[in-house]
Amino acid sequence: MSAFDDLYAANAKFAEQFGNSGLTGRAARGLAVVTCMDSRIDPLGLLGLRPGDAKILRNAGARVTDDVLRTLVLAVYLLGVERVLVMPHTDCGMAKATDEDVYKLTSDRGVDTRSLEFHTVPDQNEALRHDLTRIRSTPFLPSGMPIAGAIYDVHTGRLTPSPH
Ligand code: ZN
């Protein structure tokens, strides 16, 4: 028994029915979505997408970090991405804590995480504006590429486009 047996068993059934063997690694809908790791978000489902359609980049808070930028560059030049949607969500844990709070929480468990930057979100709209600006102003992506932000409501399933 391992902690992952349930997953391997589920996959065995999945593989029996597998029908996506013809897909390539290119984003068929030319889309990359940057969103949060929150387990309530089904990025494909909520955007009407299917496997093969889009690159999905997830991290805590849907933040545009150096690694997200690196991944977007690869997604654009190698994998057919032509537009990027940054999609944070309501009720995000990252908007309810500061980096200091996280340091304290881990410290209570005997772990010093002060060398990590958690990119917590004191103001969600401001963070989204900042992250969109970061993508739009990077010299590494084609200028004029459509970049948008929208906030996903985890209680209604509704997406609200950001004015930024
Ligand atoms: Zn979140």
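A residue counts as exposed when its relative accessible area is over 50%, and as buried when that area is under 20%. With that in hand, welcome to this predicted model.

**Charged pairs**

Let us start with D108. Its relative accessibility is 53%, so D108 counts as exposed. The side chain of D108 meets that of K104 in a salt bridge, with 3.2 Å from N to O. Both residues belong to helix α4, where they sit four residues apart, about one turn of the helix.

How many salt bridges are there by this rule? The count comes to ten. Here are three of them, including the one just described:

| Salt bridge | Closest N and O atoms |
|---|---|
| D91 and K96 | 2.5 Å |
| D108 and K104 | 3.2 Å |
| D112 and R114 | 2.7 Å |

In the D112 and R114 pair, D112 is exposed at 51% relative accessible area, and R114 is exposed as well, at 60%. Elsewhere, salt bridges with shared partners join D38, R40, D91 and K96 into one network. Within that network, D91 is partly exposed, with a relative accessible area of 34%, whereas K96 is exposed at 57%.

**The zinc ion**

Which residues hold the protein donors of the zinc ion? They are C36 (SG), H89 (NE2) and C92 (SG), at 2.0 to 2.3 Å from the ion. Along the sequence, their spacing reads C-x52-H-x2-C. C36 and H89 link distant parts of the chain, 53 residues apart. C36 lies in strand β1 (residues 31–36), while H89 lies in the loop between β3 (83–87) and α4 (99–108). Are these two buried or exposed? Both C36 and H89 are buried.

Conventions:
Residues numbered from 1 in each chain as written. Predicted model: local features only at pLDDT ≥ 70, side-chain atom pairs only at ≥ 80, totals over all residues. Heavy atoms only, no water. Donors = N, O, S within 2.8 Å, 3.2 Å for Na, K, Ca; no water. Helix = DSSP H or I, 4+ residues; strand = E, 2+ residues; numbered from the N terminus. Buried < 20%, exposed > 50% of the residue type's maximum accessible area, 1.4 Å probe, protein only. Salt bridge = Lys/Arg side-chain N within 4 Å of Asp/Glu carboxyl O.
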